[in-house]
Amino acid sequence: MVRAIVGANWGDEGKGKITDMLAAEADIVIRFQGGANAGHTIINDYGKFALHLLPSGSFNPHVVNMIGNGVALDIPELFKELDEIVRRGVPKPNLVISERAQVLMPYHILFDTYEEERLSDRKFGSTKSGIAPFYSDKYAKIGFQVWELLQDDGALMEKIKNVLEVKNLILEHVYHRPLIDAQELFQTLKGYADMVRPYVINSVEFMHKAIREGKNILLEGQLGSLKDPDFGIYPFTTSSHTVAGFGAVGAGIPPYEIKDIITVVKAYSSAVGAGAFVSEIFGDEADELRRRGGDGGEYGATTGRPRRMGWFDCVATRYGCMVQGTTQVAFTVLDVLGYLDEVPVCVGYEVDGAVTNEFPTTDKLNRAKPVLKTLPGWKSDIRGIKTYEGLPENCRNYIEFVEEQIGYPIKVVSNGPGREDIIFR
Ligand code: GDP
C-alpha cells in the first residue's frame with residue numbers, strides 16, 4: 001500500500017516527524033520532488049537531525065530510502081548528509097537513487113544566487129539551493145539524468161559542451177560573471193558519478209515490483225500545497241509540485257496506488273520567503289509565537305532565517321488539504337499554543353468587501369484581509385498527554401473547530417517534537 005505524507009500549508013508543518021514515525025512500519029520511503037532546499041527536522045533516539053535530501057526513513061535500518069526521479073539531486077549535499085548521520089552513530093541507511101533522477105549542477109546554485117542578486121528588492125527569497133534553475137533546465141531539456149553521468153566520457157563531454165554554450169553566454173552577458181570551464185565540470189561530474197554509482201537503480205521496475213509484492217511505501221513530500229507552482233501563491237512558490245498527485249510521477253508509480261494521503265497541518269501558521277500570507281502577525285505577538293514555536297523556535301532548517309508567523313488559516317488549510325486529496329489530517333505543534341489566553345483563527349478572507357472561504361489567485365490574495373475568530377485557550381502544557389480524551393476541553397474544541405472548518409478528519413494529533421508525542425484519535 002502506498003501512502004503519501006504531504007503538507008497543507010507553506011511547509012515546515014512537521015512532515016519529517018510524521019514520516020519518521022510511520023517509517024517504522026514502512027518498507028520503502030521515497031522523496032519524490034524538491035531538493036535540498038527545505039529541511040525536515042527529526043528527533044529520535046540518535047539525536048536531533050535536519051535532513052534536506054535523505055528520505056526520513058534513514059533512521060530505520062529495514063527501510064529502503066529512495067531518491068525518486070522527481071527530485072533535484074544535489075549529490076555533494078546528499079553524501080554530506082549521509083556521512084553526517086553515520087558519523088553520529090546511525091547505522092548506514094539503505095539508499096537507492098533513481099537512474100532517472102536529475103542532477104543538480106554546481107552552476108544551478110550559482111544561477112540561483114546571481115538571479116536573486118539581479119532581482120534585488122524584487123527577489124523571491126530563494127534558499128539559493130539552485131532549485132528554480134534546476135527545474136527550468138529539466139523542462140528545457142538541458143538537464144542531466146543520473147544515467148548520463150555513467151555513460152562514456154565522450155558522450156558526457158559532448159553534452160556538457162552543448163549545455164555550457166548557452167550557460168556561458170548568460171554568465172557573460174546577463175550576470176557578468178566568470179565562465180564555466182567544460183573540463184572542470186567534466187571532472188566534477190565524474191566525481192559525482194563515482195559517488196552515486198553503487199546506489200543507482202531502475203526505480204520504475206523496482207517500484208512496480210514493490211507494489212506487486214504488497215510492500216508498505218511512503219511518499220515523503222517537501223514544502224506544502226501553498227508552495228506548489230500551480231496551486232500555490234505563484235510566483236512565490238517552489239519549482240516542483242508539492243501535491244500528492246505528483247508523487248505518482250516523481251516516484252514512478254501508478255496514480256491509483258496512492259491509497260492514503262496524510263496531510264500534515266500545523267496548529268498555527270509559519271512561512272519562509274516572500275509572497276502573500278493573509279493571517280500573518282507582526283511585532284511582539286509574532287516574536288513570542290516564533291520563539292515558542294516548533295522545537296526551539298521557528299527558524300529555517302536550511303537557512304536559519306526567522307520564519308514569518310501567523311494564526312491558523314482555515315481558508316488556506318481547507319484549500320491546501322483539498323488540492324492534496326487528503327484522506328486524513330495530522331495536526332501538529334499543538335502544544336505550542338498552550339500559552340495563549342485566546343487563540344485567534346482566520347476563518348475567512350475579506351476581498352474587495354466580500355468575505356469568502358475560497359482560496360483565491362495571487363492578485364486577490366494580496367488584497368485579502370483576514371477575518372478572525374477567537375477561541376478560548378487551554379492555558380496548559382499538553383505534552384506528555386497520550387489520549388485524545390486526556391486533552392483539555394478547550395484544546396479539543398480547537399481541534400474540532402478546525403476540523404469542521406477545513407472539512408477533513410483530523411486523525412492524528414502531535415503534541416511535542418519527539419516520536420512518542422503523538423495521539424491517535
Ligand atoms: P517539515 O519540513 O514539515 O518536516 O517541518 P520542519 O521539520 O521544518 O519543522 C517542524 C518543526 O517542528 C521541527 O523543529 C520539529 O521538531 C517540530 N515539531 C514537529 N512536530 C511537533 C510538535 O507536535 N510539537 C512541537 N513543539 N514541535 C514539533
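# Exercises on annotated sites and the nonpolar core

Pro 306 is placed in the loop between α10 and β14. The model examined in these exercises is predicted.

**Exercise 1.** Determine whether Gly 304 and Pro 306 are buried, partly exposed or exposed.

*Solution.* Begin with the location. Gly 304 is found in the loop between α10 (283-292) and β14 (308-310). Next, apply the cut-offs: a residue is exposed if 12 or fewer other C-beta atoms lie within 10 Å of its own, and buried if 20 or more do. Gly 304 has 7 C-beta neighbours inside 10 Å and therefore counts as exposed. Pro 306 has 16 other C-beta atoms within 10 Å, so Pro 306 is partly exposed. Finally, consider the contacts of Pro 306 beyond four places in sequence: these are with Arg 290 and Tyr 299. Both Gly 304 and Pro 306 appear in a UniProt "binding site" annotation from an unreviewed entry, which also lists Ala 301, Thr 302, Thr 303, Arg 305 and Arg 307.

**Exercise 2.** Locate Asp 12 and Gly 39, and establish how they are arranged in space.

*Solution.* The UniProt annotation "binding site", again from an unreviewed entry, covers Asp 12 and Gly 39. Although they are spread over 28 residues of sequence, they cluster in space, with a largest C-alpha distance of 7.8 Å. Each residue is then placed in the fold. Asp 12 belongs to the loop between β1 (2-7) and α1 (15-22), while Gly 39 belongs to the loop between β2 (28-31) and β3 (40-44). Burial follows from the neighbour counts. Asp 12 is classed as buried because 29 C-beta neighbours lie inside 10 Å. Gly 39 has 20 such neighbours inside 10 Å and so also counts as buried. As a last step, examine the contacts of Asp 12, leaving aside neighbours within four places in sequence: they are Ser 270 and Arg 307. Arg 307 is itself listed in the "binding site" annotation treated in Exercise 1.

**Exercise 3.** Describe the largest nonpolar core and the contacts of Leu 73.

*Solution.* The largest nonpolar core comprises 117 residues, and Leu 73 and Leu 219 have the most contacts inside it. Helix α11 (residues 314-324) supplies the largest share of this core, six residues. At least three residues come from each of domain 1 (2-91 + 203-424) and domain 2 (102-198). Turning to Leu 73, its contacts beyond four places in sequence are Ile 67, Leu 78, Ile 97, Ala 101, Gln 102, Val 103, Leu 104 and Val 146.

Note on methods. Residues are numbered from 1 along each chain as its sequence is written. This is a predicted model: local features need pLDDT of at least 70, side-chain atom pairs count only at pLDDT 80 or more; totals for chains, interfaces and linings use all residues. UniProt positions are given in the numbering used here, feature names are shortened, and annotations may be inferred rather than shown by experiment. Helices (H or I, at least four residues) and strands (E, at least two) are DSSP runs, numbered from the N terminus. Two residues are in contact if their C-beta atoms, placed from the backbone, lie within 7 Å. A nonpolar core is a set of buried Ala, Val, Leu, Ile, Met, Phe, Trp, Tyr and Cys residues joined through C-beta atoms within 7 Å. Domain bounds come from an automatic or database domain assignment.
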